[in-house]
Amino acid sequence: EPLVTKYKLETLEIHGKHAGVLLFLIANLHQLSLGQQVERPTVDSELLLDRIGELHNTEAKAAHLQQLLYIVLKEERYMDLANLFTRLLLFRLSAHFDIRKDLEVEEMETVRERMSATGVWIKCVIISEKSEDQLNIFQEESHNIWSKFTTLYHKVAKESDQTMTMNINRVPPDCIRVYGKTFGREYIKSFYSDMQYEFDQQWSKLDRVLTMTPVESTGKMLLENYRIPWAGHGYRANFSLKDMFPQWIHDQVSPSMRQPLTQLDKREVLGAIDKMTVALMWMIWLAAGVPYTFSELQVLACGGDQQNIYVDSERRCVQIITRSFKKGNLKEDFKWLDKRTSYYLVYYVTVLRKTQISVLGENYEAFEPPKEGEVDLEGIWEHIEGKCNMSKKEASALIMDQYLFLDAKLGQLMSRRRFLKPSEEHPNYVASPERLSFKQLKFGRMGLLRQYLASSLNDSKPVKTARIDLAMCRFAASSAR
């Protein structure tokens, strides 16, 4: 059975362009002289090169491509063909090029994106196949095609990172240039300010139909009023940020309807909260410091065994625990958010999420738990016991209670595509060609951090991460304000 549509659509939007290079190679294999020198399966080029239209025979094309890729990956006799495909990803390919000239080599970052897209396509093919030995392809054996592909990808990724680093130069007194684009603290501050403004604008829309309490004053009251008893704090499993305040506090900050909500009102409320979700994600990402990836941000949870958000009882601000794999090892980071971002996050959890659940209604059931033996692609069910026996209604209520950044309409985590959209439009004061991509922004912040650390720690040499945690937090907080 093919993958669920929502995963296909999301994957296609992110990787479709770069995965298209492999499709081009497969479809034109019969015309490549190198392709004649390796053993290859039978390719129905007439079907794949159908000139009637790209939407003609789509299911047949997809099924044929999946079958071809699975055979190439599974059978060792096609090792040379797989290696050929991988190496051709280095070149700038098109349907029309001058055969009298040598092929041009793509930039390393483009090669990395192509290989990443190819890897995602391979995973989708294997998962969709659902045969008894499908996962054997991912075993790390020296002769395994997947093992060789991932080894080459890591080399390309390392080279790409070094190339990116080489394209970062200092611009006195306190800026850097990232791939020819000027970047500094003002960029971060303006971006953060734009996202805060977007959050506040959507709050104003909610306030037209609901009696909303002010964001910063409510967050400040919840975190800094020592007369409010906290039900608990620290790192206890199953401790929920929403449960730490007494019920009378929830009653005090919960909005009430100015008038009965129409269906249009409900759609506007849910749409506003979705936009506030994306804005808050950026506020946290900008304030959390580096390194911090989208995948870590996406799975922030305020409850359950997978909880990674807590309140520091001494600093009275939010602490985030992130876990990521680096070079095969699990790496755990602790990050403290500044006061303002902490206020917004606590407000989102205690006020907006409750509002969202109320408007969705008791029959809300957009989240569907995985069936027995089904792969959990998003990883949100990993720590939930009895998930396969839950109804959609029970599962939806549980996910809404634990995870922060959700697309409630689609029943999934907030997508990377929706998260990245503001980076194309903000900061407002920066012209569109001068705005940094998300990847450039990550490297720019790392370069800016190194510059900050060199001056704040009076050390011109690179400083190891273990020594700079506090300085990183100070830098992130001061940059976001």
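This is a short walk through one cavity and one sheet in a predicted model.

Okay, let's start with the inside. If you search the whole structure for cavities of 30 Å³ or more, you get one. The space in that largest cavity comes to about 60 Å³.

So what lines the largest cavity? You'll find Ile-26, Leu-29, Pro-41 and Val-43 there, along with Leu-68, Leu-69, Val-72, Leu-81 and Phe-85. Two elements each give two or more residues to that lining: helix H3, residues 58-74, and helix H4, residues 79-88. Which one gives the largest share? That's H3, with three residues.

Now, the chemistry of that wall. How many of the lining residues are nonpolar, polar or charged? The split is nine nonpolar, no polar and no charged. If you're at the screen, colour Phe-85 and Pro-41, both in the lining, and you'll have a couple of landmarks for finding the cavity.

Right, on to the sheet. We have three strands here, in an open sheet, ordered E1-E2-E3, and the pairing is antiparallel. Which strands sit at the edges? Those are E1, at 168-171, and E3, at 181-184, and each of them pairs on one side only. Going from one strand to the next, the twist averages 35°.

Let's zoom in on E1 and its partner E2, which covers residues 175-178. These two run antiparallel, and four bridges join them. If you want one pair to click on, take Ile-168: its bridge partner in E2 is Val-178.

That's the cavity and the sheet. Happy to go back to either one on the screen.

Technical notes: Residues are numbered from 1 along each chain as its sequence is written. This is a predicted model: local features need pLDDT of at least 70, side-chain atom pairs count only at pLDDT 80 or more; totals for chains, interfaces and linings use all residues. Side-chain values use heavy atoms; hydrogens and water are left out. On a 1 Å grid over the protein atoms alone, a cavity is a set of points where a 1.4 Å probe fits but cannot get out, and a pocket is an open set with protein on both sides within 12 Å along at least five of seven lines; lining residues have an atom within 4 Å of a point. Grid points are joined across faces, edges and corners, and a volume is the space filled by probe spheres set on the points. Ala, Val, Leu, Ile, Met, Phe, Trp, Tyr, Cys and Pro count as nonpolar, Asp, Glu, Lys and Arg as charged, and the others, Gly among them, as polar. Two strands pair if DSSP finds at least two bridges between them. Axes are lines fitted to C-alpha atoms, for helices over the stretch in contact, and angles run from 0 to 180 degrees between N-to-C directions.
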